[in-house]
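Have a look at the model below, then let's talk through it. We'll keep asking how each label is earned.

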Amino acid sequence: MVRDRFVGVALGLIVFGVINRRLWPVSALETLRAKLADVLRVLAHLASLPDANRSPVPSLAEAYTLRLQSYKDFATVGELQEGSKFEPDGEVRKRLETAAEKMKALFIYLLAIIQHRADLRPDRVPAPLGEASAQFRTTLANLLDNLSDRLAGRAERPVADVHAALAELEQTVATQINGVHDTALGAQIRGRLALYQEATPIAAELARVQLE
């Protein structure tokens, strides 16, 4: 009886392995990789939302939709992480989990940045500062799009250095802030710069994670 049970369990494992690897080769890790690529695309969209001279309502509404999509995507990522624990390639899983945690942290900062949009309209800040801020957001969005392409197995493109874009923005703020006489507006400018300074290292660390 013991022998029969042992043979039955072994046969079941063999059949399960054949089905899982040959007949229905759906990998939770590969699905997780694809879902994280989707998350990065949404984060890139959030980062690239422009400032509005008039009402910030359309941008905030779009940001709200992207936030809900991110919540759903991160919930799916959590489920896939649990499922991937039963698969080999533990090192790949750990790297993807690390990337997912950094994406969550970056997501929080992007949402905080968007909350400043109502107070930092382009018509209220010096033009060079607005341009430098927009250039930084474009650079950050391009970096995230590129990482999404890497995860999805698509061709990557050359992207600008996000640290260099931040340094240029910092220099612009330093030279332009004295021309801002509204104390509250100056505080908002410094506050958004601080958020950019917190978000940039996270994005750079994310770019260094081996996602292949």
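**How the labels are earned**

Q: In which helix does Ser148 lie?
A: Ser148 lies in helix H5. Bear in mind that this is a predicted model.

Q: Why is Ser148 called buried?
A: Buried means under 20% relative accessible area. Ser148 has a relative accessible area of 1%, so it is buried.

Q: What is Ser148 in contact with, leaving aside its neighbours within four places in sequence?
A: Ser148 is in contact with Ala37, Leu40, Arg41 and Arg154. A contact here means heavy atoms within 4.5 Å.

Q: How do you know that the length of H5 fits its number of residues?
A: H5 has 26 residues, and at 1.5 Å a residue the expected reach is 38 Å. From its first C-alpha to its last, H5 reaches 37 Å, which is close to that.

Q: What is the phi of Gly153, just after H5?
A: Gly153 takes a positive phi there, of about 80 degrees.

Q: How many helices and strands does the whole chain have?
A: The count comes to 7 helices and 0 strands. Read along the sequence, that gives the pattern α-α-α-α-α-α-α.

Q: What share of the chain's residues is buried?
A: Of the 212 residues in the chain, 39% are buried. As for the outside, the chain exposes about 11,900 Å², with carbon and sulfur atoms supplying 58% of it.

Q: Among contacts between residues at least 6 apart in sequence, what share joins residues at least 24 apart?
A: The share is 81%.

Q: What makes the span of helix H6 agree with its number of residues?
A: Helix H6 covers residues 162-176, which is 15 residues, and at 1.5 Å a residue they should span 21 Å. The end C-alpha atoms of H6 are 21 Å apart, so the two agree.

Q: Which residues of H6 are buried?
A: They are Val162, Ala165, Leu166, Leu169, Thr172 and Val173.

Q: How do you know that the buried residues of H6 line one face of the helix?
A: Look down the axis of H6: its buried residues fall within an arc of 120 degrees, so they line one face. These buried residues pack against helix H5 (127-152) and helix H7 (183-208).

Q: What caps the N-terminal end of H6?
A: That's Asp161, with a side-chain oxygen 2.9 Å from the backbone nitrogen of His163. The cut-off for a polar contact is 3.5 Å, and 2.9 Å is within it.

Q: Why is Gln176 called partly exposed?
A: Partly exposed is the range between under 20% and over 50%. Gln176, which is found in helix H6, has a relative accessible area of 23%, so it counts as partly exposed.

Q: What does Gln176 touch, not counting residues up to four places away in sequence?
A: Gln176 touches Pro126, Pro128 and Leu129. Gln176 and Pro126 are 50 residues apart along the chain, yet their C-alpha atoms are separated by 6.9 Å.

Q: How many aromatic pairs does the structure hold?
A: There are 3.

Q: Why is the pair of Tyr71 and Phe107 called edge-to-face?
A: Ring planes over 60 degrees apart count as edge-to-face, provided the centres lie within 6.5 Å. For Tyr71 and Phe107 the centres are 5.8 Å apart and the planes are at 85 degrees, so the pair is edge-to-face. The two rings come from distant parts of the chain, 36 residues apart: Tyr71 in helix H3 (residues 57-84) and Phe107 in helix H4 (residues 90-114).

Q: Is Phe107 buried or exposed?
A: Phe107 counts as buried, because its relative accessibility is 3%. Tyr71, at 44% relative accessibility, counts as partly exposed.

Q: What makes the pair of Phe74 and Phe107 tilted?
A: Their centres are 5.7 Å apart and their planes are at 55 degrees, so the pair is tilted. That angle is neither under 30 degrees, for stacked, nor over 60, for edge-to-face. Ring pairs link Tyr71, Phe74 and Phe107 into a cluster.

Q: How do you know that Val39 is buried?
A: Val39 has a relative accessible area of 1%, so it is buried. The place of this residue is in helix H2 (residues 28-48), and among the residues Val39 touches are Phe74 and Val77.

How values were computed
Residues numbered from 1 in each chain as written. Predicted model: local features only at pLDDT ≥ 70, side-chain atom pairs only at ≥ 80, totals over all residues. Heavy atoms only, no water. Helix = DSSP H or I, 4+ residues; strand = E, 2+ residues; numbered from the N terminus. Buried < 20%, exposed > 50% of the residue type's maximum accessible area, 1.4 Å probe, protein only. Areas by Shrake-Rupley, 256 points an atom, 1.4 Å probe, with all protein chains shown as cover. Expected span 1.5 Å × (residues − 1). Arc of directions from axis to C-beta. Polar contact = N/O pair within 3.5 Å; in protein donor to acceptor, adjacent residues only side chain to side chain. Phe/Tyr/Trp six-rings, centres within 6.5 Å; stacked < 30°, edge-to-face > 60°.
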